[in-house]
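Me: Please take a close look at the side-chain contacts in the entry shown below. I would like one connected account that goes from the charged pairs to the rings, with the exposure of each partner set beside its contact.

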Amino acid sequence: MIAGALEACPENDTPRLEPAMDIRDLFKRFLPYLSGVKRSALACLALVIIAPLIATALLWSFKLLIDEVLIAGRADLLLVFISIYAATVAAKILVEYATQVLEANTVERIVLALRGDLYAHVLSLSPGSLG
């Protein structure tokens, strides 16, 4: 049963909460919907892991820009560090965009499969069983 479903106790007619579904039961129920999108889900996972690494590289390149160019006074390295910083920003923007698009695609495909199964189930029910 779903968490929070009320059921009357026969002893004193007070409502009683059903126990919540175990997380393992939820995984078992929805894991088949992940089978069609395993590759895109793994790609999403990889991009989610890569994004903080790129953000760290962005901060590190900014630190190097401050330390090597501004504090050390080496203006000849300015173009090099600005190009590294720009490349890192471009990579961050690209990874964030790819993550957003891939996540949306993956989630929409899962929802489509779930919705199709729900409609197939509702259509298979007898009209008298709906109350």
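Reply: R74 is a reasonable place to begin, and with a relative accessibility of 39% R74 counts as partly exposed. Before going further, it should be said that the model is predicted. The partner of R74 is D76, and the two form a salt bridge in which the closest N and O atoms lie 3.4 Å apart. D76 has a relative accessibility of 54% and counts as exposed, because the cut-off for that class is over 50%. This pair therefore joins an exposed acid to a partly exposed base.

In total the count comes to four salt bridges, and two others among them can be described in similar detail. The side chains of E96 and K92 meet in a salt bridge at 2.7 Å, N to O. E96 and K92 both belong to helix α3, where they are four residues apart, or about one turn of the helix. E96 is partly exposed, with 40% relative accessible area, and K92 is likewise partly exposed, with 23%.

In helix α2 there is a further pair, D67 and K63, whose side chains meet in a salt bridge at 2.8 Å, N to O. D67 and K63 are separated by about one helical turn, because they stand four residues apart in that helix. The relative accessible area of D67 is 29%, which makes D67 partly exposed, while K63 has 36% and is also partly exposed. K63 takes part in another contact as well: its charged end sits over the ring of W60, 4.9 Å from the ring centre. K63 is thus a residue with a salt bridge to D67 and a place over the ring of W60.

From that ring it is natural to turn to the rings that pair with each other, for which the count comes to two aromatic pairs. In one of them, the rings of F30 and Y33 have centres 6.3 Å apart and planes at 40°, so the pair is tilted. The two partners differ in exposure class, since F30 is partly exposed with a relative accessible area of 37%, whereas Y33 counts as buried at 18%. The cut-off that matters for Y33 is 20%, because a residue under that value is taken as buried.

The other aromatic pair is made by F62 and Y85, and it too is tilted, with 5.9 Å from centre to centre and 50° between the planes. F62 lies in helix α2 (residues 38–71) and Y85 in helix α3 (residues 78–124), so this pair ties together parts that are 23 residues apart in sequence. F62 counts as partly exposed at 41% relative accessibility, and Y85 is partly exposed as well, with 29%.

F30 leads on to the last feature, a nonpolar patch on the surface. The patch is formed by I23, L26, F27, F30 and L114, which together have about 450 Å² of accessible area. Its largest share, four residues, comes from helix α1 (residues 23–30). L26 is placed in that helix, α1, and L26 is partly exposed, with a relative accessible area of 31%. Membership of a patch calls for over 30% relative accessible area, so the 31% of L26 meets that cut-off. F30 accordingly appears in two settings, once as a ring tilted against that of Y33 and once as a member of the nonpolar patch.

How values were computed:
Residues are numbered from 1 along each chain as its sequence is written. This is a predicted model: local features need pLDDT of at least 70, side-chain atom pairs count only at pLDDT 80 or more; totals for chains, interfaces and linings use all residues. Side-chain values use heavy atoms; hydrogens and water are left out. Rings of Phe, Tyr and Trp (its six-membered ring) pair if their centres lie within 6.5 Å; planes under 30 degrees apart count as stacked, over 60 as edge-to-face and the rest as tilted. Buried means under 20% relative accessible area, exposed over 50%, partly exposed in between (1.4 Å probe, protein chains only). Helices (H or I, at least four residues) and strands (E, at least two) are DSSP runs, numbered from the N terminus. A charge sits over a ring if NZ of Lys or CZ of Arg is within 6 Å of the ring centre and within 35 degrees of the ring normal. Patches are made of residues with over 30% relative accessible area and no salt bridge: like charges are joined within 9 Å, nonpolar side chains (Val, Leu, Ile, Met, Phe, Trp, Tyr) within 5 Å. Accessible areas come from the Shrake-Rupley method with a 1.4 Å probe; for residues, only the protein chains shown count as cover.
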